[in-house]
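Visitor: Could you pick a single part of this one and walk me through it up close? Once that's done, I'd like to hear how the rest of the chain looks around it.

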Amino acid sequence: MSRPTVVFRPTVVIGLGGTGYEVVLKLKKRFIDAYGDVPEIIRFLSIDTTENIQSREKSPDGTKVVLESNELYAISVANPGSYTRNDHIDEWWPKNIPTTALISGAGQIRARGRLAFFAKAGDINGLIGQAINAVREIRSSKQAYSDNFQVSNRDGVEVFIVGSLAGGTGSGTFLDVAFLCRQYLNNFSNITGVFVLPRVFANLPQTHLVKSNAYGALKEIEHFWNLSPSNTLEIDYAITKVKADRPPFDAVFLMDGVNKNGTVVSRPNDLQNLIADGLYIQIGSQIGLDAANVADNIRAYLATGEKVRGRNINYCSFGFATLTLPVQQYERMKLEDAQNLLKNELLASIANIDIGNEIDRFLQDCKLSEATTLLDSLTESDRGGQVKPEFRIGEMKFDRTSLSTIQELYKRQLDQMEQKTAKDLAMNFYRLEQTATVTISAWLERSLNRPNGLASTIQFVSKLAQNIDELQQNVQRKAKEAQSNFNALKLEPQEEKIKEAAGGIFVNKNNIQAACQRYKERADQKWRIYLHWKRCDKAAELCGVLRTKIEQIQEQCQRIHSNLDKVYRDLEQSYIEVSRQGNSDNPFIHTIQRVDLESKRPKVSGDDFIRWYREQSQSLTNWSEKKAEDVKDEILAFMDETYRPLTSMNVEQVLAASNPEDAGQDLQQLGKLAVPLWQYQDAEIPARQQHVITEFYYYGVESNNTIFSDPPLASRIPKGKGNASFVPTGEPHKLTLFRVEIGVPLFTLNGVKDMELAYLDPDKVFKHLHRNWTNLPNLIPPEDDGGALRWFALALAPQPYSLIINQRRQYSVYTDQARKLEDGILPLGGDRKSAFKAFKNNVPLIKEIEGKVEQITDENQETAKDSLENYIKDLNQRLKKDQVDSQVREQVEMEIQEIEAYLERLNVIS
């Protein structure tokens, strides 16, 4: 079945570290499984600080899938210490980290991974540039080399950067890879990060730094969302300087080892497979169409720039699950039946077969049943009867010259007789050989092309070879006997009699004639012995020719048997592998079990196979000239055709034929399995901002003509708050769900507090990529202050509020607590942070300011609202222009959110 045409965008997938390598390899395998090859518009690149890359994947036909040399780059730095003396590295290198050789990995130390990257920045930059430029240049469907591939007219390149935030290589290089990619991309391009959180590695050996590494990396991602043309970052890679004026990523997927339903992924390999599935559905299906691109949808959703408690919501996760028919069971059944076909119908012995009778009939057909029959067949005359050589004396004169005359006649006729005997024997030999050859060929066709014909054929030819050997030995003995008799039978005594009769004084014609007649009789006898001798020789030769043909048949049978033995072993191994895959306990596959496979299982017989094979205009004798792989393919082709009534059912047909309740349960289970792989506490998000979290549902269906668009299943398919998208994948046995969740701030993630504790552990080695990045804001915002921040922010607003003022670098508040002081002003602190701290710790003051703010608002609500809205605009402008000190930036952002929440409340009340 042809696949739907896919519109590809130019795409580069970069895998970092061990996790990135495994995902890229598995993703490549998915393209090869689906399309036979990777379209040229997609490029893979794996970067790691180890040369010990040995993993392999296998495609369905058993071909090994590997990353080619141009898809791999192993960073190996024998003496990294020398690089830290370069200014462009020394400016960020943490001083307390040892610089040992970087040959077998970064040892979980992020800065060492970054050091290896800087050491080879020229090579890596070149590889990134080559990959991006190569895919960008492909702009026509012809260049995509297949009618099933089209290239999007939309400008830009999709870049996916995949790795773990927990180790040393991926977590140490992901930012710099993104920054280098940006310099080759325009504003229509997307960089999507797909990063694994530490949970799945936590119980593995030598992983004590995974949590602190991940927290440091997440702090950096969070911080660099603020990059803009007015807030840039310059990085010197020696070979080039990059000025980053945009965030490194347009979207960041975070993949944990557990989802909201509590489904746990305990093996890194399972998580890597799921990530590869998610990437494949984005790149290799019509999710890549302009209107449905995941990265574009995410980018558009995040364009509002909304924050929660001062933190970004630019994070996503996805789940990927499959609702499938029992295709693995189909394969097991087919392989099992193929083995049984071989074992019981093609390779087994036939019970109670009478080989002796078959051989007798065969020998009779070939005129080889007895030596006499064979010998007589060799001396048959073309006029009927047997060839009888005769010495003719004709009208010779019986006188004194009779001896010389009869000797001359004998000599002349002997030559003629020998020539005629040879000719007659050759003609009959050819006829018998042709008869035997045709009979053998016809018999071989009949014998092999029947159930278990191979075993009976081997038995037959083995016994036949014995019979032919015995026959050959018999005629060879007769030939030797005849030769001896021929040589022993002399004509000299008869010549003496003729000489006596012709040498007397008186010549007696009758006596001479009688002597000559006795000479003739002796010559006839000698010639008959000669004919018998020569036909025995010829019979022995014919037996030899037939023996050679039998040996050829035995060799054919042996080759066929050897092929079938190998095919049987291959099928056994395939069955084991398919069974292992079926029992892999993949937590994200739900198989519909309502199909009664045994009742639909076809009956497979040897007669059916041979009939099918003959209909292909082929004989099983051809298997002796074929490779075992070809024989296996032919047997499996028969199994595919036999199983077609079962395997041709698609998942939509099964669901449509099911009870709607049962189908709905299957679909709900699919939705549960595809829950994005992270857990978070939505209670940490203020109720007024719960709307920031949203989901996209992308279903992979066989074609655009899907039953899920219509009742009754349209209402039963999980789709979240909005409408689901249906994406043709061309896979009839699967319904897949790619479920994306977006808008979750990092501080709500389960496990982030544990990561922070590990990060704050003074015994943990330096966790950042730059020694000055330790002061980046924490991921977890300050605890709820009981509303203090809201009243502090509102009191700072201009008239009609202005309850807190900033004069001469001193924050002060107008309060009843300060009546005895000059002008009723109470000092709070010399900067915004200290002022808020003092305000927050003064509970009576908070209550007082709350009352005053509410009173001012109630006096003229419209004026108050205008003032607050203008104040927010002013603060946002100052933030945009970097006119707010970085130390208080986070607090200002949170103040804006509190004022916005207050305005929302006013709008609701009014």
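Guide: Happy to, and let's take helix 14, which runs over residues 492-502. Bear in mind that this is a predicted model. The residues of helix 14 that count as buried are Q494, E495, I498, A501 and A502. Look down the axis of helix 14 and those buried residues fall within an arc of 125 degrees, so they line one face of the helix. Now go round to the face turned away from that buried side: there you'll find K499 and E500, both exposed. So much for the close-up; here's the setting.

Helix 14 belongs to a protein with 27 helices and 22 strands. Across the 910 residues, 54% count as buried. As for overall shape, the C-alpha trace spans about 190 × 70 × 50 Å along its principal axes. The radius of gyration is 47 Å, whereas a compact globule of 910 residues would come in near 29 Å.

What about contacts along the chain? Take those between residues at least 6 apart in sequence: 81% of them join residues at least 24 apart.

Moving to the outside, the accessible surface comes to about 41800 Å², and carbon and sulfur atoms account for 45% of that. On the charge side, there are 111 positive side chains and 121 negative ones. The centres of those two sets lie 5 Å apart.

If you go back to helix 14 after all that, try colouring Q494 and I498 from its buried set, then K499 and E500 from the face turned away.

Notes. Residues are numbered from 1 along each chain as its sequence is written. This is a predicted model: local features need pLDDT of at least 70, side-chain atom pairs count only at pLDDT 80 or more; totals for chains, interfaces and linings use all residues. Side-chain values use heavy atoms; hydrogens and water are left out. Buried means under 20% relative accessible area, exposed over 50%, partly exposed in between (1.4 Å probe, protein chains only). Helices (H or I, at least four residues) and strands (E, at least two) are DSSP runs, numbered from the N terminus. The arc is that of the directions from the helix axis to the C-beta atoms. The radius of gyration is taken over C-alpha atoms; the globule rule is 2.2 Å times the number of residues to the power 0.38. Contact means heavy atoms within 4.5 Å. Accessible areas come from the Shrake-Rupley method with a 1.4 Å probe; for residues, only the protein chains shown count as cover. Lys and Arg count as positive and Asp and Glu as negative; His and the chain ends are not counted. The place of a charge is taken as NZ of Lys, CZ of Arg, CG of Asp or CD of Glu.
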